[in-house]
Amino acid sequence: MVVNYRGTIGFGKTFLDSLLGHIGSRDVQDCGDLTKKAIETHPEVDPKRVVVEGGSHGGFMTGWLIGHPQYKDLWAAAGLWNAVLDMSYMVQATDIPDWIFACSLNKELENWSDLTVEDNKEFFLKSPISQIKNVKTPSIFLVGSGDKRVPPH
């Protein structure tokens, strides 16, 4: 199953922009709720064999889904490649820090001096790493050495 969650292209600008400032909530809710619905409505789906996987932003959502209190028990296993797990780190490590500002804070990055302690706290709260205490899903992490969006370090 591939979810066209809020913030993806295909349903117009309003749908696309609905993720701005709400990353880690609306996108994750769409994926988690649809997975629950699929398990409920399709008896051929074995709930003990449901897995989640994704790369880059999909890895970000996979990290959220395996740690989210509402969805953490859905998964038998998870695969994350080049996953965005810590937005506080990513804003300084990626070649697209404006994406972090837009998706986390719904504001533009005009100058690095605009970065505040409050922004950094919000980056952390919107990061899958903030939910690490809830993770119990067996997971594999794949990291590409040349990814400029999600650096391997």
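## Close-up views of a predicted model

**Figure 1. A glycine inside helix α2.** G32 is buried, its relative accessible area being 0%. This and every other view below is drawn from a predicted model. Helix α2 spans residues 26–41, and G32 is one of its residues. Which residues touch G32, once its neighbours within four places in sequence are left aside? The contacts of G32 are L65, Y71 and L74. For L74 there is a distance to go with the contact: its C-alpha atom is 8.5 Å from that of G32, although the two positions lie 42 residues apart along the chain count.

**Figure 2. A salt-bridge network around D73.** Here is a good place to zoom in on charged side chains. K72, D73 and K136 are linked by salt bridges into a network. In the link between D73 and K72, the closest N and O atoms are 3.6 Å apart. In the link between D73 and K136, the N to O distance is 2.7 Å. Why does the pair of D73 and K136 tie together parts that are 63 residues apart in sequence? D73 sits in the loop between α3 (57–67) and β2 (77–81), while K136 belongs to the loop between α6 and β3 (139–142), so the salt bridge joins those two parts. Are the members of this network buried or exposed? D73 counts as exposed because its relative accessibility is 52%, and exposed means over 50%. K136 is exposed as well, with a relative accessible area of 58%. K72, on the other hand, is buried at 19%, since buried means under 20%.

**Figure 3. A salt bridge between K126 and E122.** How many salt bridges does a search of the whole structure find? The search finds four, and one of them brings together the side chains of K126 and E122, with 3.2 Å from N to O. The lysine of this pair, K126, is buried, with a relative accessible area of 11%. Its partner E122 is partly exposed, at 28%.

**Figure 4. A nonpolar patch on the surface.** F124, L125, I129 and I132 make a nonpolar surface patch of about 360 Å². If you would like one residue to start from, try L125, which is found in helix α6. L125 has a relative accessible area of 52% and is therefore exposed, the cut-off being over 50%.

**Figure 5. Negative charge gathered on the surface.** Which residues form the patch of negative charge? They are D98, E108, E110 and D114. E108 can be found in the loop that runs between α5 (97–105) and α6 (117–125). With a relative accessibility of 63%, E108 counts as exposed.

**Figure 6. Helix α5 and its cover.** Which residues of α5 are buried? The buried ones are P97, I100, F101, C103, S104 and L105. Their cover includes α4 and α6. It may help to recall that an α-helix has 3.6 residues a turn, so residues three or four places apart point the same way. Just after α5 comes N106, whose phi is positive at about 55 degrees.

**Figure 7. Two asparagines with positive phi.** Most residues other than glycine have a negative phi. N106 has a positive phi although it is not a glycine, and N82 also takes a positive value, near 45 degrees. Where do these residues lie? N82 is in the loop between β2 and α4, and N106 is in the loop between α5 and α6. N82 counts as buried, at 13% relative accessibility, whereas N106 counts as partly exposed, at 49%.

**Figure 8. Q92 and its contacts.** Our last stop is Q92, placed in helix α4 (residues 87–93). Q92 is exposed, with 58% relative accessible area. Leaving aside neighbours within four places in sequence, Q92 is in contact with W112 and L115. The C-alpha atoms of Q92 and W112 are separated by 9.5 Å, and the two residues are 20 apart along the chain.

Definitions and conventions: Residues numbered from 1 in each chain as written. Predicted model: local features only at pLDDT ≥ 70, side-chain atom pairs only at ≥ 80, totals over all residues. Heavy atoms only, no water. Patch = residues over 30% accessible without salt bridge, like charges linked within 9 Å, V, L, I, M, F, W, Y side chains within 5 Å. Areas by Shrake-Rupley, 256 points an atom, 1.4 Å probe, with all protein chains shown as cover. Lys, Arg positive; Asp, Glu negative; His and termini not counted. Charge placed at Lys NZ, Arg CZ, Asp CG, Glu CD. Helix = DSSP H or I, 4+ residues; strand = E, 2+ residues; numbered from the N terminus. Buried < 20%, exposed > 50% of the residue type's maximum accessible area, 1.4 Å probe, protein only. Contact = heavy atoms within 4.5 Å.
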